[in-house]
Amino acid sequence: MTSMHIKVLLVHESIRARPDMYLGAGDSNRQAAVLLRQTIESVATAGNRSDRMPVALRIWPGPVFELSCPWENASFERVDYRGSSLSVIDRQMMTLFAGSSPSWGLLGAHGLILNALSSRLFLQTSNGEIRREAMYSRGGIISPMQDSSKAPANGSRIVFELDPLFFDEEARAHSHSESVIGELLSLFPWLTVSQRAAEVSAGDPW
């Protein structure tokens, strides 16, 4: 093998190429369920809390997952990122941190993993005074963090859709099956499920 045969992958590409490094070994059914579980737990432990914040889960057809929690400690500070000025949150969603904790804590280091494996990811958050929102996809940014009149005045909201290019139909169906949701409810007493996909006849969380 020579240097011409070596391909340097972007971080989100490496996550998609080796998901077992981040989600554990197993088939796509298991990895879809693990991704959901890790995301819910990451949201509940924002800011390295010793306790757990309550998290509300709504499931829409697709499936599309919607998580809401009372976290409102977002930093909207802007930082340099590869020659551009981005919010701390935007940088977090494209960077895999190792070692020290990042300065933004809603999704922690898991933010990029979720972004890399989601076809769409909508984030709304506040710092108690300012409300902002952003849209991400497959490790990149569709719309950077900007002011929003629709974001929750108190708390945060995450909406994401597992990438059908990565998770097949069976894996996406498994991720919101009764067995997976039942296991989540038994693991996390602070989690509530207010809506399942089968219960929805209309509406759009985006």
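Me: What makes strand 6 count as largely enclosed by the rest of the structure?

Reply: Six of the seven residues of strand 6 are buried, and therefore the strand is described as largely enclosed by the rest of the structure. Buried here means under 20% relative accessible area, exposed means over 50%, and partly exposed covers the range in between (1.4 Å probe, protein chains only). This is a predicted model, in which local features need pLDDT of at least 70 and side-chain atom pairs count only at pLDDT 80 or more, while totals for chains, interfaces and linings use all residues. Residues are numbered from 1 along each chain as its sequence is written, and side-chain values use heavy atoms, with hydrogens and water left out.

Me: How do you know where strand 6 begins and ends, and how many helices and strands are there in the protein?

Reply: Strand 6 spans residues 131–137 and contains arginine 132. Strands are DSSP runs of E with at least two residues, helices are runs of H or I with at least four, and both are numbered from the N terminus. By that count the protein has seven helices and nine strands.

Me: Why is arginine 132 put in its accessibility class?

Reply: Arginine 132 has a relative accessibility of 19%, and because this falls under the cut-off, the residue counts as buried. Over the whole protein, buried residues make up 47% of the 206 residues.

Me: What is arginine 132 in contact with, leaving aside its neighbours within four places in sequence?

Reply: Its partners include Phe76, Leu123, Met145, Asp147 and Ala151, a contact being heavy atoms within 4.5 Å. For the protein as a whole, residues 24 or more positions apart account for 61% of the contacts with a separation of 6 or more.

Me: Why is the pair of arginine 132 and aspartate 147 called a salt bridge?

Reply: The term requires a side-chain nitrogen of Lys or Arg within 4 Å of a carboxyl oxygen of Asp or Glu; the N to O value for arginine 132 and aspartate 147 is 2.8 Å, so the pair qualifies. The two residues link distant parts of the chain, arginine 132 lying in strand 6 and aspartate 147 in strand 7 (residues 140–147), 15 residues apart. Although arginine 132 is buried, aspartate 147, at 57% relative accessibility, counts as exposed.

Me: How many salt bridges does a search of the whole structure find, and what is the one between arginine 16 and aspartate 163 like?

Reply: The search finds eight salt bridges. In the one between arginine 16 and aspartate 163, the closest N and O atoms are 2.8 Å apart. That pair joins helix 1 (residues 11–17), which holds arginine 16, to the loop between strand 8 (156–162) and helix 6 (169–175), which holds aspartate 163, across 147 residues. Arginine 16 is partly exposed at 23%, whereas aspartate 163 is buried at 0%. Arg16, Arg138 and Asp163 are linked in a network of salt bridges.

Me: What makes the pair of arginine 58 and glutamate 66 a salt bridge?

Reply: Its N to O value is 3.9 Å, and because the limit is 4 Å, the pair is accepted. Arginine 58 is partly exposed at 30%, while glutamate 66, at 5%, is buried.

Me: How do you know that strand 6 pairs with strand 5 and with strand 7?

Reply: Two strands pair if DSSP finds at least two bridges between them. Strand 6 and strand 7 run antiparallel and are joined by five bridges, and strand 5 (residues 118–126) pairs with strand 6 in the antiparallel sense over six, so both pairs meet the criterion. Across the former pair, tyrosine 136 stands opposite isoleucine 141 and glutamate 133 has glutamine 146 as its bridge partner; across the latter, leucine 123 stands opposite alanine 134. The hairpin of strand 5 and strand 6 has four residues between the strands, with glycine 128 in the turn at a positive phi of about 95°, while the hairpin of strand 6 and strand 7 has two, with arginine 138 at a positive phi near 50°.

Me: Why are strand 7 and strand 9 said to stand at the edges of the sheet?

Reply: Seven strands form an open sheet in the order 7-6-5-8-2-1-9, with mixed pairing. Strand 7 and strand 9 (191–195) each have a single partner strand, so one side of each is left without a neighbour in the sheet.
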